[in-house]
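Trainee: Could we go through this structure together? I should like to begin with the overall picture and then turn to individual residues.

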Amino acid sequence: MSCQHNLLFLLLCGFAALSVSQKTCGKELLVGTSCIIKMTTKNNEKPTEFKWTHDTNGDILRLRDGKIKNAEGVSKEEDGSLRFESVSLKDTGTYTYTAYNSDGTEIGKEEVEIKVYAKAPKPTVMFNCTTTTTTLICNTGNRKDLTVSWYEEGKPIPNDKNTLVLTPTQLQGNKWYSCKAHNPVSKEESERKTVSCDGPGLTKLFGFDFWLMVGILAGGGALLLLLVCVLVICACRSCHQRTKRIQDEEEFRLADLTPAPTGTNRSKQTARGQPAPPIPQEDPMPCNPSPETPPRTQNQPKAQIRARPPPPPQDDDEEDPPPLPRPRNKQHRTKRNQEPYRPME
């Protein structure tokens with residue numbers, strides 16, 4: 001009885017292996033699948049010559065003059081079909097076969113397209129909390145061939161993006177969320193994730209801890225304000241020193257242009273600010289009088305000197321004031337008065 005059971009088990013295993021080995025390739029395949037692309041001919045006639053080509057790899061299987069030439073990973077079946085031992089991503093594309101009989105007549109031609117996908121990874125759910133919203137992220141490893149589906153406590157959410165944005169109202173009740181990544185040949189679902197932003201340290205700003213970012217921004221603002229104050233102070237000091245230097249240069253220039261006062265010169269102004277009148281000058285008595293000039297006597301009247309009016313006020317800005325007029329010399333006046341009368345001829 002046991003021998004019969006063992007024989008039946010071996011037969012079932014053989015049929016299963018045969019069915020697996022004779023699996024026809026579909027249009028969408030999982031990496032590692034073993035399958036066959038069938039070749040069909042007119043009246044199921046066995047071809048004596050055929051050729052299989054790939055749209056990117058060229059000839060991959062060829063039978064001619066009884067010789068077989070095949071690429072790596074493929075083999076020939078009895079009827080000329082193409083067998084893949086284990087498909088990979090590079091096997092994606094369009095395959096074309098052409099079959100001939102012994103007379104050289106074409107008895108079959110067809111194009112078959114297949115697409116190979118990698119197995120979908122198990123995604124993970126992450127979330128970032130801010131003061132206004134919470135963003136859930138379904139991490140699938142940057143796979144472009146995957147489609148994402150979101151679930152809220154098992155119920156599907158109409159969103160096929162990798163991110164899901166929730167408001168504080170939607171987060172009430174500490175609900176759990178999950179995402180599913182799938183392609184035409186496989187699918188995987190993430191672990192359930194309960195989203196809660198009530199605990200300390202969960203609030204995020206730009207992807208970092210909120211209070212940490214506040215401290216960094218506050219410190220940066222204080223440093224910037226201090227730098228601005230230092231620049232303003234330096235600019236004010238530089239302007240003040242420049243103004244003082246210009247004033248000093250102006251004072252030195254005016255001092256060079258103003259003549260130095262002498263002992264015989266009087267001040268140009270009186271105590272009240274009015275211009276001082278000039279001092280009349282008297283000619284000293286000559287020590288050795290000439291014989292033509294008679295000596296002065298005490299009875300001779302003394303010539304009166306008219307006082308000249310004060311000169312007009314002068315501005316301090318004038319550099320060189322005009323010279324003051326000098327009074328006439330008494331000696332010349334006396335000579336003119338003592339010349340003898342000469343009659344006109």
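Mentor: We shall take the overall picture, then the aromatic pairs, the cysteines, the cores and one loop residue.

Trainee: What kind of model is this, and how are the residues numbered?

Mentor: This is a predicted model, in which local features need pLDDT of at least 70 and side-chain atom pairs count only at pLDDT 80 or more, whereas totals for chains, interfaces and linings use all residues. Residues are numbered from 1 along each chain as its sequence is written, and side-chain values use heavy atoms, with hydrogens and water left out.

Trainee: How many helices and strands are there?

Mentor: The protein chain has three helices and 19 strands. Both are DSSP runs numbered from the N terminus: helices are H or I with at least four residues, strands are E with at least two.

Trainee: And how much of the chain is buried?

Mentor: Buried residues make up 19% of the 345 residues. Buried means under 20% relative accessible area, exposed means over 50%, and partly exposed lies in between, with a 1.4 Å probe and protein chains only. The chain exposes about 26,900 Å², of which carbon and sulfur atoms supply 55%; such areas come from the Shrake-Rupley method with a 1.4 Å probe, and for residues only the protein chains shown count as cover.

Trainee: What share of the contacts joins residues at least 24 apart?

Mentor: That share is 54%, among contacts between residues at least 6 apart in sequence. A contact means heavy atoms within 4.5 Å.

Trainee: Turning to aromatics, how many pairs are found?

Mentor: The search of the whole structure gives two aromatic pairs. In Trp52 and Tyr97 the ring centres are 4.8 Å apart and the planes stand at 45°, so this pair is tilted. The rule takes rings of Phe, Tyr and Trp (its six-membered ring) with centres within 6.5 Å; planes under 30 degrees apart are stacked, over 60 edge-to-face, and the rest tilted.

Trainee: Where do Trp52 and Tyr97 lie?

Mentor: Trp52 is in strand β3 (residues 49-54) and Tyr97 in strand β8 (residues 93-100), so the pair ties together parts that are 45 residues apart in sequence. Trp52 and Tyr97 are both buried.

Trainee: Which residues form the edge-to-face pair?

Mentor: Those are Phe84 and Tyr95, with ring centres 5.4 Å apart and planes at 75°. The pair links Phe84 in strand β7 (residues 82-84) to Tyr95 in strand β8, 11 residues apart. Phe84 is buried at 2% relative accessible area, and Tyr95 is buried at 1%.

Trainee: Now the cysteines. How many disulfides are there?

Mentor: The count is two, a disulfide being a pair of cysteine sulfur atoms within 2.5 Å. Cys25 is joined to Cys35, with an S to S distance of 1.8 Å. That link is right-handed, with 95° about the S-S bond. Cys25 sits in the loop between α1 (2-21) and β1 (28-30), and Cys35 in strand β2 (residues 35-37), 10 residues apart. Both Cys25 and Cys35 are buried.

Trainee: Which cysteine is joined to Cys138?

Mentor: Cys138 is joined to Cys179, at 2.1 Å from S to S. The torsion about that S-S bond is about 75°, so the disulfide is right-handed. Cys138 belongs to strand β11 (residues 134-139) and Cys179 to strand β15 (residues 176-183), 41 residues apart. The relative accessible area is 2% for Cys138, which is buried, and 0% for Cys179, also buried.

Trainee: Why is Cys239 not bonded to Cys236?

Mentor: The closest cysteine sulfur to that of Cys239 is in Cys236, and because it is 7.4 Å away it is too far for a bond.

Trainee: Next, the nonpolar cores. How many residues has the largest?

Mentor: The largest core has 21 residues, and those with the most contacts inside it include Leu29, Trp52, Phe84 and Tyr95. A nonpolar core is a set of buried Ala, Val, Leu, Ile, Met, Phe, Trp, Tyr and Cys residues joined through side-chain atoms within 4.5 Å. Strand β9 gives the most to this core, with four residues. A second, separate core of 11 residues includes Val125, Trp150, Leu164 and Leu171.

Trainee: Finally, is Asp91 buried or exposed?

Mentor: Asp91 counts as buried, at 9% relative accessibility. Its place is in the loop between β7 and β8. Not counting residues up to four places away in sequence, Asp91 touches His54, Phe84, Ser86, Ile114 and Val116.
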